[in-house]
Structures are given as C-alpha cells and as structure tokens.
Amino acid sequence: MKYPDDSSLETGCRGALRQIEDKGYETRLKQDGMDVILKYGVNSYRILL
C-alpha cells in the first residue's frame, strides 16, 4: 500500500486517479464493450500502533 508523503487524503486520491489514466485501464474496459466506467481513487491514513 502506498501512503502520500504529505499525509493528504486528497493528494493520494488524485494520485490514484492519475494512475488510472496513465496506465490506460479505461481503454481496455472500453475495448471489452463497457459503456459506463466509474473511476475511484481510494486512499487511507496509515495507522501507527
């Protein structure tokens, strides 16, 4: 799991969405006939024990 350097959840989510674009995941789904594609950038804070 990756954690954003500045502990910002928004920064981490934006990075996840950028990865979806950079890796071209949507293109493959469209090629497979998907019409509606929802993109989610998921992030969480690291829990320190």
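## Contacts and basis of the model

A contact, as the word is used here, means heavy atoms within 4.5 Å. Among contacts in the chain between residues at least 6 apart in sequence, 60% join residues at least 24 apart. The structure is a predicted model, in which local features need pLDDT of at least 70 and side-chain atom pairs count only at pLDDT 80 or more, whereas totals for chains, interfaces and linings use all residues. Residues are numbered from 1 along each chain as its sequence is written, and side-chain values use heavy atoms, with hydrogens and water left out.

## Helices and overall exposure

The chain has two helices and zero strands, where helices (H or I, at least four residues) and strands (E, at least two) are DSSP runs numbered from the N terminus. Helix α1 covers residues 9-23, and at 1.5 Å a residue its 15 residues should span 21 Å, which agrees with the 21 Å between its end C-alpha atoms; the expected span is 1.5 Å times one less than the number of residues in the helix. After α1 comes G24, a residue whose phi is positive, near 70°. Helix α2 comprises residues 25-31, and V36 has its place in the segment after α2.

Of the 49 residues of the chain, 8% count as buried, a class that means under 20% relative accessible area, while exposed means over 50% and partly exposed lies in between (1.4 Å probe, protein chains only). About 4600 Å² of the chain is exposed, and carbon and sulfur atoms supply 53% of that area; accessible areas come from the Shrake-Rupley method with a 1.4 Å probe, and for residues only the protein chains shown count as cover.

## Salt bridges

A search of the whole structure finds five salt bridges, each defined as a side-chain nitrogen of Lys or Arg within 4 Å of a carboxyl oxygen of Asp or Glu. One of them joins R14 to E10, with the closest N and O atoms 2.5 Å apart. Because R14 and E10 are four residues apart in helix α1, about one helical turn separates them. An α-helix has 3.6 residues a turn, so residues three or four places apart point the same way. R14 counts as exposed at 53% relative accessibility, whereas E10, at 49%, counts as partly exposed.

Another salt bridge pairs E26 with K39, the closest N and O atoms being 2.7 Å apart. This pair links distant parts of the chain, since E26 is in helix α2 and K39 is in the segment after α2, 13 residues apart. K39 has a relative accessible area of 32% and is therefore partly exposed. E26 and K39 also belong, with E21 and K30, to a network of salt bridges. R28, for its part, forms a salt bridge with D32 in which the closest N and O atoms are 3.2 Å apart, and R28 is exposed, with a relative accessible area of 52%.

## The segment after α2 beside α1

G41 is found in the segment after α2. Not counting residues up to four places away in sequence, G41 touches C13, A16 and L17. The C-alpha atoms of G41 and R14 are 6.5 Å apart in space, although the two residues are 27 apart in sequence. R18 lies in helix α1, and its C-alpha atom is 8.6 Å from that of G41, across 23 residues of sequence. With a relative accessible area of 48%, R18 is partly exposed.

## A nonpolar surface patch

V36, L38, Y40 and V42 make a nonpolar surface patch of about 530 Å². Patches are made of residues with over 30% relative accessible area and no salt bridge, like charges being joined within 9 Å and nonpolar side chains (Val, Leu, Ile, Met, Phe, Trp, Tyr) within 5 Å. V36 counts as exposed because its relative accessibility is 69%, and L38 counts as exposed at 62%.

L38 lies in the segment after α2, as does V36. Both can be placed relative to E26: V36 and E26 are ten residues apart in sequence and 9.9 Å apart in space, C-alpha to C-alpha, while L38 and E26 are twelve residues apart in sequence, with 9.2 Å between their C-alpha atoms.
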